[in-house]
Amino acid sequence: MTHPDVDIGLKLVVVLLLWLGLTAGDKHTAPPHAAKDLQHAAHHSVGLEEVVIVIQSQRNSYHARRGHQRKAEILQQAAKLGQKVPDIVLLHELSGYHGDWSILPALPRLSAKYGHSAWWFFFIEEETTVTLPAVLQVLNRYPGEEEWFLGKCLHDNEASIIHHYAFAEDPGSFSYPDTAAGWVLSAPLLQRLVVRLQHENLKSDFTIDLKHEIAFFIWEEGKGPRLTEVPEFCTEPRDNCATTFTTYLPKCGVPVPRDDVFVAVKTCQKFHSERVPVVKATWEKDAELIEYYSDNTDPSIPTVSLGVPNTERGHCGKTFAILRRFLTQAVPKANWLLIVDDDTLISLPRLRQLLRCYDPNEAVSLGERYGYGLAQKGYSYTTGGGGMVLSRAAVSRLLSSGCSCYSDDAPDDMVLGRCFTSIGVPITHSPLFHQARPDDYPEMLISKQQAVSFHKHWNVDPMAIYRHWLEDPHSRDEL
């Protein structure tokens, strides 16, 4: 056998031993009695051809282009090193399934295609820059025949609703990866996860925060490995970084004009005096085109009644009425529609900068992406509280499809997601939109972003949140 064949053979033997559980101790490491036989594998020097780099790309044309650019940059870097090139996978091209972004459905496909030769699976985002020699140096610190979950650690500051209040007694005790810095699965760990996915049902139908849910699934209530901190996986440049992150808020040119974004605020009579004044005191000044939609006409705001009764939940009937109105001459024509709740806090200048990256002639549904039933061919959706941004083309395609609410109080964001999935419009994710309050996210993470939105006034001062996290000095002139 050639040397690569020996390496692959040894790795397969190790993986098989791990699957068979031939150890009375930690089942995630090689059996003690096999240590001598595995000595060569433990000192195997990983080459680029044994690393699969998975770029967590998206189907929208802007993101697909950024993914291809990142792939080309990595391949050019590999060529200069004079080594065999790594396999680079654009996640949105792995299969025809739109839910591969949630990672777990993609693992069996990655295993089937690359599991015979890969030692490591390295996941990065479109804006993650990679220094390949430094990455190899990191990977060669860890025995590739064992189960490893590597990354830059994030911790919750307090029990968080987006993490289902997991580890409520000690939120900081559980680590999950900052995916912007890159994260890694060893081949044996990925293979075991694939076996679990074949025999287990996920505990939740919802995908809310991918980073946390991947780590929680891997941890397996203490039976699996925890995330190992890798100092060289960075989001900000410093010495000895193997990865860094370029930007959360890309600059694709001059922000779109103020009158190209129509803002629809969903409210109801009981919140006219409680929530609407917050909107008017904070971000309304940056809206050129805005209407407040309510169950009651109030000229002091003013509000528009769409003839849809208020519902305690869902609001699907109201949202579809907003969509229909957006395409009529009742409102000024704009390329973009932003639908928010009356307790959404948003930076319109940052949103207009972000929208310059997208083609309004393309069907675009943009915001914070959630998923429902993705392990069973479900659908993705833009969660409503953080703001739902739709291009005019997306609204037109949706309404012409005939897809509609099954009831006025159906969850509008989920119905929109189901409809867009059925007509082939991708749900595009931006981490700058937030369904919850700043306290529900790691400060280490959101302090590096230029957030576009937060949601909820519960137990917080919304004015203070807006001033601290969203308000830009001289925003009218600079953006």
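At what angle do helix α9 and helix α12 pack, and how far apart are their axes? In this predicted model, helix α9 (residues 316-326) and helix α12 (residues 412-422) pack at an angle of about 60°, and their axes are 8 Å apart. That angle makes α9 oblique to α12. The points below take up this helix pair, then two open sheets with the helices that lie across them, and then salt bridges, of which the structure holds 22.

**Helices α9 and α12**

- Two packed helices are described by the angle between their axes and the distance between the axes.
- For helix α9 (residues 316-326) and helix α12 (residues 412-422), these values are about 60° and 8 Å.
- On the α9 side, the contact is made by Cys316, Thr319, Phe320 and Leu323.
- On the α12 side, Asp412, Val415, Leu416 and Cys419 take part.
- By type, the residues of this contact between α9 and α12 divide into six nonpolar, one polar and one charged.

**The six-strand sheet**

- Strands of a sheet pair through backbone hydrogen bonds, either parallel or antiparallel.
- One open sheet has six strands in the order β2-β1-β3-β8-β5-β10, and its pairing is mixed.
- Its edge strands are β2 (87-90) and β10, each of which pairs on one side only.
- Strand β3 (residues 120-124) and strand β8 (residues 183-186) run antiparallel and are joined by four bridges.
- Phe121 has Leu185 in β8 as its bridge partner.
- Helix α3 (residues 61-81) lies across β1 (51-55), β2 and β3, and runs at about 175° to β2.
- Helix α5 (residues 132-139) lies across β1, β3, β5 (149-151) and β8, and runs at about 120° to β1.

**The three-strand sheet**

- Another open sheet is formed by three strands in the order β9-β18-β19, with antiparallel pairing.
- β9 (206-207) and β19 (379-382) each have a single partner strand, so one side of each is left without a neighbour in the sheet.
- Two bridges join β9 to strand β18 (residues 369-372), and these strands run antiparallel.
- The bridge partner of Phe206 in β18 is Tyr372.
- Helix α12 lies across β9, β18 and β19, running at about 130° to β19.

**Salt bridges**

- Side chains of opposite charge can pair when their charged atoms come close.
- Asp412 forms a salt bridge with Lys266, with the closest N and O atoms 2.5 Å apart.
- Asp412 lies in helix α12 and Lys266 in strand β12 (residues 261-266), so this pair ties together parts that are 146 residues apart in sequence.
- Asp412 counts as buried because its relative accessibility is 6%, and Lys266 is buried with a relative accessible area of 7%.
- Glu220 forms a salt bridge with Arg192, where the closest N and O atoms are 3.0 Å apart.
- Glu220 sits in the loop between α7 (210-219) and β10 (228-229), and Arg192 in helix α6 (residues 187-199), so that the pair links distant parts of the chain, 28 residues apart.
- Glu220 and Arg192 are buried.
- Arg437 and Asp440 meet through their side chains in a salt bridge of 3.0 Å, N to O, and both residues are buried.
- Glu147, Arg192, Arg196, Glu200, Glu220 and Lys223 are joined into one network by salt bridges that share partners.

How values were computed
Residues numbered from 1 in each chain as written. Predicted model: local features only at pLDDT ≥ 70, side-chain atom pairs only at ≥ 80, totals over all residues. Heavy atoms only, no water. Axes fitted to C-alpha atoms, helices over the stretch in contact; angles between N-to-C directions. Parallel < 35°, antiparallel > 145°, perpendicular 65-115°, else oblique. Contact = heavy atoms within 4.5 Å. Nonpolar A, V, L, I, M, F, W, Y, C, P; charged D, E, K, R; others polar. Salt bridge = Lys/Arg side-chain N within 4 Å of Asp/Glu carboxyl O. Buried < 20%, exposed > 50% of the residue type's maximum accessible area, 1.4 Å probe, protein only. Pairing = 2+ DSSP bridges.
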